[in-house]
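Welcome! Please open your viewer, get ready to select residues by number, and follow along at your own pace.

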Amino acid sequence: MGAGPGDPELVTLKALRRLREADVVIHDRLVPVELLREVPAEAEIIDAGKAPGRHCLPQAEINWLLVDRAHRRGRVVRLKGGDPAVFGRLAEEIDAVRSAGVPFEIVPGVTAATAAAARAGISLTERGHASMLVFATATDHTGRAPSGLDWGLLARAEGTLAFYMGVHTLETVTASLTALGRDPREPAILVERVGGEGERIIAGRLGQIAAAARAAGAESPAMLITGPTVATATAPLTARRVHAGALAAAATVVVDA
């Protein structure tokens with residue numbers, strides 16, 4: 001089940017109902033704490049959160065927990081930040097419960113890319129300018145930029161690129177794109193803690209967004225979005241275009257021209 005990107009009000013009605021019916025909740029670290037307060041008092045709550053460089057529970061153990069608690073306790077909610085089908089290791093967990101004969105349901109959630117675009121005041125697509133939208137991970141299981149990505153294709157794509165888990169490999173990602181032909185002057189934003197407490201938007205150009213993020217001390221979780229529609233972001237690309245009042249009060253805009 002998807003919890004959404006950080007704002008507890010972005011959870012779906014169906015997800016909220018399932019939480020209130022749960023016997024067990026196994027959740028990730030990015031789940032809003034407000035949602036956990038909706039769980040019945042008698043339910044078991046298990047923190048299975050992973051952080052960069054720190055794995056609270058191995059994936060194999062999470063898979064075992066899903067099956068074990070379903071057999072022993074009943075209704076289990078596997079609560080993930082964002083949407084479970086987008087870089088959420090959903091396929092592995094489906095395989096585990098399906099192999100054990102446990103019936104399951106998938107409840108989608110708002111993914112970080114769409115939430116980040118909404119918070120920055122942009123559309124991810126635009127007729128005539130951005131008819132393609134690509135979701136990509138900027139970090140593989142080793143913590144490095146994925147070697148399997150077709151960087152040449154991404155550099156040539158006439159549309160919007162949205163990179164998940166992009167803070168630690170931001171320099172590699174942006175350098176790979178610009179080295180293979182993507183315009184370093186293309187507008188880009190990095191959105192930290194989308195919809196959550198301490199949300200921050202770092203705006204600039206693709207060729208220098210990594211330096212701006214480093215100077216600002218950007219931290220995970222964060223989304224990198226680059227493409228033609230980013231030019232219309234409420235978060236300004238230059239100091240002459242400041243409209244910070246339109247952003248939520250909790251958001252901080254870091255501008256680098």
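The stops below visit a sheet, some charged side chains and a few loops in this predicted model.

**Stop 1: the sheet**

Begin by showing the strands β2, β1 and β5, and colour each one separately. Together these three strands make an open sheet, in the order β2-β1-β5, with parallel pairing. Which strands are at the edges? They are β2 (44-47) and β5, each of which pairs on one side only. Turn the sheet until you look along it: from one strand to the next, the twist averages 15 degrees. As background, the strands of a sheet pair through backbone hydrogen bonds, either parallel or antiparallel.

Now zoom in on β1 (residues 24-27), which is joined to β5 by four bridges. Select H27 to find one of its links: the bridge partner of H27 in β5 is L79.

**Stop 2: a network of charges**

Next, display side chains. Side chains of opposite charge can pair when their charged atoms come close. How many salt bridges does the structure hold? The count is 19.

Select K14, R18, E21, R75 and E105, which a network of salt bridges links together. Inside this group, look at R18 and E21, whose side chains meet at 3.3 Å, N to O. Is R18 buried or exposed? R18 counts as buried because its relative accessibility is 19%, and the cut-off for buried is under 20%. Its partner E21 has 31% relative accessibility, so E21 counts as partly exposed.

**Stop 3: a bridge from loop to helix**

Move on to K80 and E93. They form a salt bridge, and their closest N and O atoms are 3.3 Å apart. K80 sits in the loop between β5 (76-79) and α4 (90-99), while E93 belongs to helix α4, so the pair links distant parts of the chain, 13 residues apart. Both K80 and E93 are buried.

**Stop 4: a longer reach**

Select E199 and R119 and draw a distance between them. In this salt bridge the closest N and O atoms are 2.8 Å apart. E199 is in the loop between β8 (187-192) and β9 (200-205), and R119 is in helix α5 (residues 112-120), so this pair ties together parts that lie 80 residues apart in sequence. Colour them by accessibility if you can: E199 is buried, with a relative accessible area of 2%, whereas R119, at 30%, counts as partly exposed.

**Stop 5: a charge without a salt bridge**

Go back to the loop between β5 and α4, and select D83 there. What is the nearest side chain of opposite charge to D83? It is K80, 9.7 Å away, and D83 has no salt bridge although it is buried.

Look at the backbone around D83 instead. The D83 side chain reaches the backbone nitrogen of A85 at 2.7 Å. A polar atom of the D83 side chain also lies 3.0 Å from the backbone nitrogen of G109. Show the neighbours too: leaving aside residues up to four places away in sequence, D83 touches P108, G109, V110 and T111.

**Stop 6: out to helix α8**

For the last stop, select R214 in helix α8 (residues 209-216). Is R214 buried or exposed? R214 counts as exposed because its relative accessibility is 54%. Now add V167 and compare the C-alpha atoms: R214 and V167 are 47 residues apart in sequence and 8.9 Å apart in space.

Notes. Residues are numbered from 1 along each chain as its sequence is written. This is a predicted model: local features need pLDDT of at least 70, side-chain atom pairs count only at pLDDT 80 or more; totals for chains, interfaces and linings use all residues. Side-chain values use heavy atoms; hydrogens and water are left out. A salt bridge is a side-chain nitrogen of Lys or Arg within 4 Å of a carboxyl oxygen of Asp or Glu. Buried means under 20% relative accessible area, exposed over 50%, partly exposed in between (1.4 Å probe, protein chains only). Helices (H or I, at least four residues) and strands (E, at least two) are DSSP runs, numbered from the N terminus. Lys and Arg count as positive and Asp and Glu as negative; His and the chain ends are not counted. A polar contact is a pair of N or O atoms within 3.5 Å; within protein, one must be able to donate a hydrogen and the other to accept it, and residues adjacent in sequence count only if both atoms are side-chain atoms. Contact means heavy atoms within 4.5 Å. Two strands pair if DSSP finds at least two bridges between them. Axes are lines fitted to C-alpha atoms, for helices over the stretch in contact, and angles run from 0 to 180 degrees between N-to-C directions.
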